[in-house]
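Visitor: I am new to this structure and should be grateful for a close look at a single part of it. Please begin with a sheet and the elements around it, and then place that part in its wider setting.

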Amino acid sequence: MFTPEKLSNKLRSLTHKRRFLVAYSGGMDSHVLLHSLVALREQYNLEVRAVHINHGLSENASAWVCHCKQVCQDLALDCVIQSVDVPAALALRPKHSPEAVARELRYQALAKLLTEDECLVTAHHADDQTETLLLQLLRGSGVKGLAAMPAEKDFMASLLLRPLLEFSRAELYEYAKVNKLNWIEDESNENIGVERNFIRHKLLPVLKERYPAVLKTTARSASHSAAASEMLTDLAAQDFLVARGSVDKTLSIKKLLQLSSARQDNLLRYWLDKLGFPTPNSIKLAHIKSDVLQCRSDANPIVSWKNVAVRRFRDDIYAIDTLAVTQKNLNLNFRKPGERCKIKGRKGRHALKKIFQELGIPPWQRDTTPLHYQDGELVAVGDHYFNPLLRGENDE
């Protein structure tokens, strides 16, 4: 059976910190977490506060807010209520699922509320872990996805902890009933049209009946996948140091092609993740390798997904934020077709196209690169200055 003391042992294995911000939905899982932390508060000198994120998606949302406030008041806890606008965010990202957008907004709000030396704690448990692994498996995820949820991960300048991953939903329910806890039931959790809910209500009960140890065995698989993912990340970091391109944030095509196909995939995923871009699926990766890496050096291929595009220029491949480029195109439109310019410090007039080529500026960046003039003469293209004296340099 789950007990506060077991929670204490798990927390001590994860962190030495004693300040916790609990993501409190009002449901059974997070109520058990909150209640058990309060039971430990005085004995271990813990500082605990709760935050409830109001997504505004249910007609019962206001009632849930009142419930969370009352529970926290009864437990003598500070409770922060934070609202997020999921419908507005969905309007900007119509191809994303409501669940994914709500999760993203929720963690953004939690990140802003987390204070110094305070850990964010969520109530994900063993059933959630198995559901996540099965969901990733059915989506064809690699080892990173199959690693499911770690018990501890870096979050902002602190940590995100999931200390209940070793305990089943049934164990938490037993604790809730013994302690006469009251909780809310989110009606959206019954909608089996949502993938996770289908796994929870239709698939997992069958697996538990046939394989009683399914929660433990899937947790073990997730742990093995996490170890494999860590090794692949270490390998990608080593390959990245060797395969860096001639321009910052790029990769060398020549050096990429010296790697095996599997290591190319691994490095491309690592590089894009390092740049903060969404990971491409296997089909997009195959297109990057065939259409971008294998094309003629003077070609201008592009592979895009979501808000990112991968392109090549000379021997380097670039990853570009396409949303940012669109915004810049609205404000910066300095280049004119066939333009010839006088350049400060040089004789004659020069084709702007040749100047871009000379400076190594990729074709897709040329229309958004600002041109700086002084007295009618071109003195800089972007941050490339023709006259070093203009930026305080000397001729030595």
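**The four-stranded sheet and its surroundings**

Guide: In this predicted model, strand β8 and strand β9 (residues 308–313) are joined by four bridges and run in the antiparallel sense. Within this pairing, W305 has V308 of β9 as its bridge partner. The two strands belong to an open sheet of four strands, in which the order is β7-β10-β9-β8 and the pairing is antiparallel. The edges of the sheet are formed by β7 (251–252) and β8 (302–305); each has a single partner strand, so one side of each lacks a neighbour in the sheet.

Two helices pack on this sheet. Helix α12 (residues 261–274) touches β7, β8, β9 and β10 (316–321), and its direction makes about 40° with that of β10. Helix α13 (residues 282–293) touches β8, β9 and β10, and its direction makes about 160° with that of β8.

The wider setting begins with the chain itself. The protein chain has 15 helices and 15 strands. Of its 396 residues, 42% count as buried. Among contacts between residues at least 6 apart in sequence, 64% join residues at least 24 apart.

The nonpolar cores come next. The largest nonpolar core has 34 residues, among which L34 and L37 touch the most other members. At least two residues of this core come from each of α1 (4–14), β1 (19–23), α2 (28–44), β2 (47–54), α3 (61–74), β4 (119–121), β6 (158–161) and α8 (169–178). Helix α2 gives the most, namely eight residues. Leaving aside residues up to four places away in sequence, L34 touches V22, Y24, V48, A50, C72, L75 and L77. A second, separate core has 21 residues, including W271, F277, V308 and A319. Here the account returns to the sheet, for V308 is the residue of β9 that serves as bridge partner to W305.

Aromatic rings provide another view of the chain. The structure holds five aromatic pairs. In one of them, the ring centres of F2 and F167 are 5.0 Å apart and the planes stand at 80°, so the pair is edge-to-face. This pair links distant parts of the chain, since F2 lies in the segment before α1 and F167 in the loop between β6 and α8, 165 residues apart. Both F2 and F167 are buried. F2 also forms an edge-to-face pair with Y175, with 5.3 Å from centre to centre and 75° between the planes. Here too distant parts of the chain are linked, as Y175 is in helix α8, 173 residues apart from F2. F2 has 0% relative accessibility and therefore counts as buried. Y175, at 4% relative accessibility, counts as buried as well. Together, F2, F167 and Y175 form one aromatic cluster. Elsewhere, R210 lies over the face of Y211, at 5.0 Å from the ring centre.

A further aromatic residue, F155, has its place in strand β5 (residues 152–155). Its relative accessibility is 12%, and because the cut-off for buried is under 20%, F155 counts as buried. Not counting residues up to four places away in sequence, F155 touches Y107, L110, A111, L114, L120 and L160. The C-alpha atoms of F155 and A111 are separated by 7.7 Å, although the two residues are 44 residues apart along the chain.

Finally, two loop residues deserve mention for their backbone angles. N45 is found in the loop between α2 and β2. Its phi is near 55°, a positive value in a residue other than glycine. At 60% relative accessibility, N45 counts as exposed. K180 lies in the loop between α8 and α9 (195–210). K180 is not a glycine either, yet its phi is positive, at about 55°. With 69% relative accessibility, K180 counts as exposed.

Terms used. Residues are numbered from 1 along each chain as its sequence is written. This is a predicted model: local features need pLDDT of at least 70, side-chain atom pairs count only at pLDDT 80 or more; totals for chains, interfaces and linings use all residues. Side-chain values use heavy atoms; hydrogens and water are left out. A nonpolar core is a set of buried Ala, Val, Leu, Ile, Met, Phe, Trp, Tyr and Cys residues joined through side-chain atoms within 4.5 Å. Buried means under 20% relative accessible area, exposed over 50%, partly exposed in between (1.4 Å probe, protein chains only). Contact means heavy atoms within 4.5 Å. Two strands pair if DSSP finds at least two bridges between them. Axes are lines fitted to C-alpha atoms, for helices over the stretch in contact, and angles run from 0 to 180 degrees between N-to-C directions. Rings of Phe, Tyr and Trp (its six-membered ring) pair if their centres lie within 6.5 Å; planes under 30 degrees apart count as stacked, over 60 as edge-to-face and the rest as tilted. A charge sits over a ring if NZ of Lys or CZ of Arg is within 6 Å of the ring centre and within 35 degrees of the ring normal.
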